[in-house]
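Visitor: Before I accept any label, I would like to hear the cut-off behind it. Please show me the model, and then we can take the terms one at a time.

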Amino acid sequence: MARIREFDVDQAVDRAMDLFWRRGYAETSLQDLLKELSIGSGSFYAAFGSKEQLYLRALDRYSALQADDLVKILEQATEIRPAVRQILGAMIEADLADPTRGCLVVNTATECGNQPPAAERVAAAMRHVESSLAGALERAKSRGELSADKNPVELARFLTTFVQGLRVVGQARLGRTFIEDALTVAMRALD
């Protein structure tokens, strides 16, 4: 008779995500994961297959949570500028509060970007951000908030790139003034 799993897999993925986010993929050992999740190696392998598979699952979870927040703000926005500022401002505040964590997608791109499964997920996460922003910018353009010469896809790609750079600068601890000056210039792209 098969044993019944004695732990919540979703909670385990969340805990693993936090550990990977704090320490990185390479610096998180299987023993670290077993200790953090309070499970044995047999249960670990039965539930997740491998450290890499758990990492990818944690990255998927992180990306989904971030995308949900972004989409919710953009879909509820009645004006694009305050919505974009809210999104970017939240990232700035998160990075200033804890500059060591940064963004798990950016961390993955820099640490595991040469590994196809991770690189594919990073690209998918960034494409999702771009798509969400492009849709919101297109709606804003149709409401007359953006000038006719503005290309929503190009703006979305710029903002997606800016978001990733913002997360790296946050980890570099260059301070609020540096980041807010950059945000001011980025917001001018919407003028």
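Guide: Let me begin with contact, which means heavy atoms within 4.5 Å. By that criterion S63 touches V105 and A125, when residues up to four places away in sequence are not counted. This is a predicted model, in which local features need pLDDT of at least 70 and side-chain atom pairs count only at pLDDT 80 or more, while totals for chains, interfaces and linings use all residues. Residues are numbered from 1 along each chain as its sequence is written, and side-chain values use heavy atoms, with hydrogens and water left out.

Visitor: Why does S63 count as buried?

Guide: Buried means under 20% relative accessible area, exposed means over 50%, and partly exposed covers what lies in between (1.4 Å probe, protein chains only). S63 has 17% relative accessibility and therefore counts as buried. Its place is in helix α4, residues 51-76, where a helix is a DSSP run of H or I of at least four residues, numbered from the N terminus.

Visitor: What makes Y45 partly exposed?

Guide: The relative accessibility of Y45 is 43%, so this residue falls into the intermediate class and is called partly exposed. Y45 belongs to helix α3, residues 41-48, and, leaving aside neighbours within four places in sequence, Y45 is in contact with L30 and S50. The C-alpha atoms of Y45 and P117 are separated by 19 Å, with their positions 72 residues apart along the chain.

Visitor: How many aromatic pairs are there in the whole structure, and what makes the pair of F20 and Y25 stacked?

Guide: A search of the whole structure finds 7 aromatic pairs. For F20 and Y25 the ring centres are 6.1 Å apart and the planes meet at 25°, so the pair is stacked. The rule is that rings of Phe, Tyr and Trp (its six-membered ring) pair if their centres lie within 6.5 Å, with planes under 30 degrees apart counted as stacked, over 60 as edge-to-face and the rest as tilted. Both partners are buried, F20 at 1% relative accessibility and Y25 at 16%.

Visitor: Why is the pair of F44 and F48 called tilted?

Guide: F44 and F48 have ring centres 5.5 Å apart and planes at 55°, and that angle is neither in the stacked nor in the edge-to-face range, so the pair takes the remaining label, tilted. Because F44 and F48 are 4 residues apart in helix α3, they are separated by about one helical turn. F44 is buried, with a relative accessible area of 0%, and F48 is buried too, with 5%.

Visitor: Which residues do ring pairs link into a cluster, and where does the charged end of K51 sit?

Guide: The cluster consists of F20, Y25 and Y55. The charged end of K51 sits over the ring of Y25, 4.2 Å from its centre, and the charged end of R101 sits over the ring of W21, 3.6 Å from its centre. A charge is said to sit over a ring if NZ of Lys or CZ of Arg is within 6 Å of the ring centre and within 35 degrees of the ring normal, and these two distances are therefore inside the limit.

Visitor: What makes an empty space a cavity rather than a pocket?

Guide: On a 1 Å grid over the protein atoms alone, a cavity is a set of points where a 1.4 Å probe fits but cannot get out, whereas a pocket is an open set with protein on both sides within 12 Å along at least five of seven lines; lining residues have an atom within 4 Å of a point. Grid points are joined across faces, edges and corners, and a volume is the space filled by probe spheres set on the points. The structure holds 2 cavities of 30 Å³ or more.

Visitor: Which residues line the largest cavity, and how do they divide by class?

Guide: The largest cavity holds about 50 Å³ of space and is lined by L70, V84, I87, L88, V129, L133, L159 and V163. Its lining divides into 8 nonpolar, no polar and no charged residues, since Ala, Val, Leu, Ile, Met, Phe, Trp, Tyr, Cys and Pro count as nonpolar, Asp, Glu, Lys and Arg as charged, and the others, Gly among them, as polar. The largest share of this lining, 3 residues, comes from α5.

Visitor: What lines the second largest cavity?

Guide: L74, A77, I80, A136, R139 and R143 line the second largest cavity, of about 30 Å³, and they divide into 4 nonpolar, no polar and 2 charged.

Visitor: How much space lies in the largest pocket?

Guide: The largest pocket has about 550 Å³ of space. Of its 29 lining residues, Y62, Q66, A67, M91 and R167 are the closest to its centre. By class the lining has 17 nonpolar, 5 polar and 7 charged residues, and α4 gives the largest share, 9 residues.

Notes: Helices (H or I, at least four residues) and strands (E, at least two) are DSSP runs, numbered from the N terminus.
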